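This report describes selected features of one protein model, in running text with a small table. Please consult the sequence and the structure shown below while reading.

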Amino acid sequence: MKEQIQKRLSDSKAARWTALIIVSFTMMCGYFLTDVMAPLENLLTTKGKVVYFTDNTSMPADTLVAKVALFAESNALSSPDLTVQKLEEGARYQYIETVEGKQETVEKTISTVSSGKGWSSTEYGFFSGAYGYINVFLLMLFFGGIILDKMGVRFTGVMSSGLMFAGALIKWYALQADFGDAMLWGMNLQVIIAALGFSIFGMGAEITGITVSKVIVKWFAGKELALAMGLQVAMARIGTALALAVSLPVARMMGDVSGSVLVGAIALCVGFISYLVYCVMDRKEDAAISAARAEAGEAPEEGFKLSDLKLILCNKGFWLITLLCLMFYAGVFPFLKFATKLMIYKYEVPESFAGLIPALLPFGTILLTPVFGTLYDRIGRGATLMIIGSVMLTTVHVLFALPIMNYWWFAVIVMIVLGIAFSLVPSALWPSVPKIIPMKQLGSAYAIVFYIQNIGLAMVPTLIGFVIDRFSTQYNAAGAITGYDYTAPMVIFAIFGLCAIVIAGILKQEDRRKHYGLEESNIKKK
Ligand SMILES: NCCCC[C@H](N)C(=O)NCC(=O)O
């Protein structure tokens, strides 16, 4: 009987994997909402309504009306069905299009109509970066780590998943409301309120992220730690992949971009409830740990002290991991925010399918991250995996920057390579932190890594949005946008990759000197 009390819940395989699935589900819902707007960039940056045709092409409603009016003026319309009629499902239109230098009459049928928001690329970039603003500028992630180490995973997780839900609701409110032409700080008021919601959500998502990492170390240390972390990341990627794949169809179906955000907010509500379920398991685990300590006559584990921060901040290996994280993730997550439009304008993929190519990236990682995690658990080579992943990231961005091979299948291949890189580095990077920093400082350590990473997540989209507006957007004589040249933004992303390679190389050298064990396996033989 006594033995049963002392047995930790985490010693049971079923219990620890159940705990992992529950907390990973909460995180997955967070990842869904994080990227739900990415496939909607084209819609958000178009003014007025956008019509989608049954052949999967799309165009701003104003352009269609102008083209059809021009056609009607110069032709006697053969069928009343083809006159300018209501912009609604099933309506048919004829107009002239220039295909390979020749003028052709095309006939199209509307499939759905959605409302664009008329944001500029700068506004879209500002909004996308908002995820990190509160984390970075109000130091909330930093405080989040201290709260986590002081208050524990139950209090912190409930608070942070509640914040994610609240932020999502504000974002949804901003997108479905009509603010007319109201402006604030030189930007549309809608952008500012949506960004505020996204910032609150981002604070919740990042604090949930460090909490979940600590939960996993608590349940899996000395066991299948990297595999568990890999699986958690894989589930998170399902959230990203779903966001990229279904967001546009949902927005089209519901007639507005806010529809996709509403779906995300509902998912987050379920995620919040599932974290409450985890709290029940966590309480039992803590009780078992305390009972075992009392039984062994050990004093309860010393709590986190602020002076512990010094130990973290003076550790060179820790800083190298943190900088690698900053550079690597600056080349991936912000890129995803712009990737759908890149597919539309550089690779001429119809908008209806364009989100599916970036979605390949997280889909690929769903399988590969746990595979590489297991590899790290069993054979080690963590620093080497990070170098290889960073080289792949850089190569991919160089290929996207070059004005060659503008074929959709080439974009697919390059995206798959990026998917491999995006599996390699996270599966080695996150389980490497506990090799450098002890458990009781782990919450703060992950928080500082996430904090620095968030500087990239906040600033890079803002920078890229500005660069696209300033250097990449092409206009015709009348001042209308005709296309985009993605060379400059992609070169910026490639530079982040290059920095990641250098840092990963130095980390490997440092590991050799300090014996962190990054190249060693994680599973301890009993
Ligand atoms: N788009 C979600 C951003 C998550 C950032 C988070 N700090 C993180 O790095 N998580 C680990 C990962 O690989 O997703």
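In this predicted model, strand β3 and strand β4 (residues 102-115) run antiparallel and are joined by 8 bridges. Two of the residue pairs may serve as illustrations: Arg92 has Thr109 in β4 as its bridge partner, and Ile96 is partnered by Thr105, also in β4. Strands β3 and β4 form a hairpin, with 2 residues between them. Glu100 lies in the turn of this hairpin and has a positive phi of about 45°. In general, the strands of a sheet pair through backbone hydrogen bonds, and the pairing may be parallel or antiparallel.

The hairpin strands belong to an open sheet of 4 strands, whose order is β2-β1-β4-β3 and whose pairing is antiparallel. Which strands form the edges of the sheet? They are β2 (58-60) and β3 (92-99), each of which pairs on one side only. From one strand to the next, the twist averages 45°. Helix α4 (residues 61-74) packs on this sheet and touches β1 (49-53), β2, β3 and β4. The direction of α4 makes about 90° with that of β3.

Attention now turns to a pair of helices. The axes of helix α17 (residues 382-401) and helix α20 (residues 487-514) come within 8 Å and cross at roughly 165°. Angles over 145° count as roughly antiparallel, and therefore α17 is described as roughly antiparallel to α20. The crossing of these two helices, α17 and α20, is left-handed.

The model also contains a ligand, which is surrounded by Tyr31, Thr34, Asp35, Glu206, Gly209, Val233, Ala236, Tyr329, Phe333, Pro426, Phe450 and Gln453. Which helices each supply at least two residues of the shell around the ligand? These are α2 (13-34), α9 (189-220), α10 (225-254) and α19 (442-472).

The table sets out the residue classes for the helix contact and for the ligand shell.

| Group of residues | Nonpolar | Polar | Charged |
|---|---|---|---|
| Contact of α17 with α20 | 17 residues | 7 residues | 2 residues |
| Shell around the ligand | 7 residues | 3 residues | 2 residues |

The contact of α17 with α20 thus includes 17 nonpolar residues, and the shell around the ligand includes 7 nonpolar residues.

Methods:
Residues are numbered from 1 along each chain as its sequence is written. This is a predicted model: local features need pLDDT of at least 70, side-chain atom pairs count only at pLDDT 80 or more; totals for chains, interfaces and linings use all residues. Axes are lines fitted to C-alpha atoms, for helices over the stretch in contact, and angles run from 0 to 180 degrees between N-to-C directions. Angles under 35 degrees count as roughly parallel, over 145 as roughly antiparallel, 65 to 115 as roughly perpendicular and the rest as oblique. A crossing is left-handed if the near helix is turned anticlockwise from the far one by less than a right angle, and right-handed if clockwise. Ala, Val, Leu, Ile, Met, Phe, Trp, Tyr, Cys and Pro count as nonpolar, Asp, Glu, Lys and Arg as charged, and the others, Gly among them, as polar. A residue is near a molecule or strand if its C-beta atom, placed from the backbone, lies within 6 Å of it. Two strands pair if DSSP finds at least two bridges between them. Two residues are in contact if their C-beta atoms, placed from the backbone, lie within 7 Å.
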